[in-house]
Structures are given as structure tokens and as C-alpha cells.
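Please open the structure in your viewer and keep the selection tool at hand. The tour goes from one selection to the next, and says at each stop what is there.

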Amino acid sequence: MSPLPQAAPVTSGGPASPWWSDALADPWRDPAAPTAVVVRTPPAGGTEPEPVSDPDAPGRLSLRHLLFIPLITALLAGSLGGAIGYAFAVRGGAGATTVLGAGSAEPPALAQRRPESLAGVAERVLPSVVTVRVSGVGGTSEGSGFVVSADGHVITNDHVVAGGTGRASVVFHDGSTASATLVGQDPESDIAVIKVARTGLRPVEFGDSDGLAVGDPVLAIGSPLSLANTVTAGIVSALDRTMQAGEPGGPVRYYAAIQTDAAVNHGNSGGPLVDGAGRVIGVNSTIKSLVAEGQEAGNIGLAFAIPINQAKRVTQDIIGTGKARRTVIGAQVGGPGQATGAGVRLAAVEPSGPAAGAGLRSGDIILKLAGRPMNEPTDLIAMVRKFAPGSVVTVEYRRGSSRQNASVTLAADAK
């Protein structure tokens, strides 16, 4: 075997030795083995080498990283908490996989119930509307009414209190009750006034029934079929719809009504018909129905209200004197053959009455009163009673083949 080559001694500055420098101190070294001792010499003078950073070594965190870390941590914690809560809810049967409805948003204008909206009007008027109950021989009569003075005066229909004992009770919007007494009534206009034993009430605001137009929005408020605080909406369907109403054996009522398609039923009688501003413009009084005699009638969109200008005048008369004045023209109409279909013939004229004072004669045919065509005797009676005594109305009439006009000053009946 050839001996191992010996390594050349290493001098300073020579080539690097493949051996380790502490070979002589190795206790396991073979003493016979050749050795080479490497003595490292200090580097030659000069500048220190530029340190090079290790790209894999961890570095210092920037401020952005310091802020970003807790944010991510919070988001992860929230997601984890939501997932855990959802899992518990589902396991307990309280969760659902479908989300119903959209997120909350600003309510639309119609849902904000502004004062001029129908909901705003109803909210303002309802506290002044009452349910009227009157005890009589045949049982209890029930209708509606509305407060017209702070000291307790209430307007209702005459047919609501007719046949009663003179005492009544009312139920207010909040469910409270109070006793009431009959102040007075006018069967021919179907208006009655009762007074509630309570003060500090909120009266309604009156509108002008002469200023209405067909198509104006209205609300009917009352207690139809004992359903208190009921509000229905509609429009003015017609004006000056002449009505002749009454029960068998009772008085005949005449008035030029406001026709509306607002739903009105039994129990609405005496309640207010209000305009879009919440002002009372009529007193709900009667309906038309298709049912046969003796059957229960219901709403078919044909309801009629007494104009508030007439009802207010009658109410003031009742409160002031206990009875109402009746407006007359001073002539007699009606009877077989008196309706010509194009005007109303005067059967007789009172010598000192308003018609005679305007130059009208018996046999004259009234064609129009205050611009309203007259076709039936009911038309003339109802239109005359619409106006207050002392009102001046224009009458267009025919005498023979000529047409003439006259101004008639209406008067109060001497009853």
C-alpha cells in the first residue's frame, strides 16, 4: 500500500487547507497520520465588508402592519362568533336559512302619515266623533255623531234619536262613555242636537259645503254596524242630489244632498263626512240599496249626506231657540200631474209670500232655481230648504210661451 500523500504546510496567505485547524488537539487522531496545521491570519487592512441581509430572515414590522393585524384579528373573531352563534341557533331550531325582507330604509312619504294625508286627517278628526246610543220602547237605537262645541254639543241625525226617551249616552274615541240629553231635533231636516255631560271636548272644524266640487276626496267616519271608529274614503259623486226620505208614518225629509261613494252603512247615520283638509262638510244620513223591503241594506257606493251649511244653521237654531226654522218660497207644488218633466208647476202662490212678492203666479212653471234644473216637486222643496231664510235666489220660469227671471227672497215658515 502506498503511503498517503502528505499535505504541504500552509503558510499565511496560501491556499485554503482541506483540513481542520485543530487537528493536533484531536484526541482520536492517529499519531502516525500526516497532519497539516492551518493557522488563520488576520485579514489585510482595509474596510469591513458591507453586511448583506438575509431575505429569509424575519424583519421589523411597519406601522401599517401593526394596524392591519388587529383589524384582521377582529374580523376573524367576529366571523367565528357569528358562525358559532348561527350553529347554536340552527341546532336549537331558532334559525332559518332564508332572510326575509330588505334592509331598513327611509319610509316612503305616504307611510309617514303627514297631516294632509288621509291617515293624518283621520287621526285629527277621530277624537271628535262619537257613537250615539239612545234607549227607547223598541230597544236601543245606535248611530254616530260629532262634537261641535267644547261644552259638549253633538250633532247627529233625527232618525237616530227619534222614539227615544230623551236621554242618551255616547262612547268616545278612547272608549270612555258619558251621558247625554236631547237639546232639540228637526225631523224634516233630519238633524238633532244632544249635549254630553262633559267639558273640554275637541270640536270639529267646519268646512263650506257650497264650495265642494264633484271629485273632491272625502272621508266618512262613524260606527257602521256597531264597528266604532270606522273610516272609509271616497269622493264627492254628485252635488244637490235632491232627497225625499222618511219612515212609514213618520215625517218626510227633504234635502239637497252630497252624494258620495265612500262606504256608509247602518250606524254611520249622524257621523261626519269630511273633506281632504279634515273639515266637516256633511252629515251622513241615508243610503240607496238594491235590497227588497224589510231586508238589511248595505253599501253599494250610493250614500248621501246633509250639507253642513244647512246642518250648522239648523243646529244653531235648535241650540238658540229649541227648534229650527224652515225655509219656504211661499208656493205649493206637487200632486198628480204637477211634474212636467221640464220644470215644476206652481199649484198655488201665497198672496203675501216670497214668490208672490217676486211676481210669480199660480200656473207658472219653475225651470231653474239658483241655476239648478227643476224636474220634480221634490227638487224645488229640497233646493229651497238648502238656503237660509233671507237668502235671495234667482228663479227662471216659464209663463205661457215666454221665459222670464225673477229674484226671490226666501223666508222662514211661520210654524
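Begin by selecting Arg326, which counts as partly exposed because its relative accessibility is 22%, and keep in mind while you look that this is a predicted model. Now add Glu188 to the selection: Arg326 forms a salt bridge with this residue, and the closest N and O atoms are 2.8 Å apart. The pair links distant parts of the chain, since Arg326 sits in the loop between α4 and β13 (327-328) while Glu188 sits in the loop between β5 (177-186) and β6 (191-196), 138 residues apart. Glu188, at 21% relative accessibility, also counts as partly exposed.

Next, select Lys386 and Asp240, whose side chains meet in a salt bridge with an N to O distance of 2.7 Å. This pair, too, links distant parts of the chain, with Lys386 in helix α6 (residues 377-386) and Asp240 in strand β8, 146 residues apart. Are these two residues buried or exposed? Lys386 is buried, with a relative accessible area of 18%, and Asp240 is buried as well, with a relative accessible area of 19%. To see how salt bridges can be joined, select Glu188, Arg326, Arg385 and Asp413, which form one network through shared partners.

For another salt bridge, move to Arg403 and Glu396, where the closest N and O atoms are 2.9 Å apart; Arg403 counts as exposed, because its relative accessibility is 58%. A search of the whole structure finds 13 salt bridges.

Now turn to the strands, and select β7 (217-222) and β8 (230-245). They run antiparallel and are joined by 6 bridges, and Gly222 has Thr230 in β8 as its bridge partner. Extending the selection in the order β7-β8-β9-β12-β11-β10 shows 6 strands that close into a barrel with antiparallel pairing. Neighbouring strands of this sheet are turned by 50° against each other on average, direction ignored.

With the barrel still in view, add helix α2 (residues 118-125), in which Gly120, Val121, Ala122 and Val125 are buried. The helix lies across β7, β8 and β10, running at about 35° to β7, and its buried residues pack against these strands and also against β1 (129-136). Helix α4 (residues 308-321), the next selection, lies across β9 (253-260), β11 and β12, and runs at about 50° to β12.

Finish with Leu290, Ile300 and Leu302, which make a nonpolar surface patch of about 300 Å². Ile300 is found in the loop between β11 (280-287) and β12 (303-307), and this residue is partly exposed, with a relative accessible area of 42%.

Key:
Residues numbered from 1 in each chain as written. Predicted model: local features only at pLDDT ≥ 70, side-chain atom pairs only at ≥ 80, totals over all residues. Heavy atoms only, no water. Patch = residues over 30% accessible without salt bridge, like charges linked within 9 Å, V, L, I, M, F, W, Y side chains within 5 Å. Areas by Shrake-Rupley, 256 points an atom, 1.4 Å probe, with all protein chains shown as cover. Salt bridge = Lys/Arg side-chain N within 4 Å of Asp/Glu carboxyl O. Helix = DSSP H or I, 4+ residues; strand = E, 2+ residues; numbered from the N terminus. Buried < 20%, exposed > 50% of the residue type's maximum accessible area, 1.4 Å probe, protein only. Contact = heavy atoms within 4.5 Å. Pairing = 2+ DSSP bridges. Axes fitted to C-alpha atoms, helices over the stretch in contact; angles between N-to-C directions.
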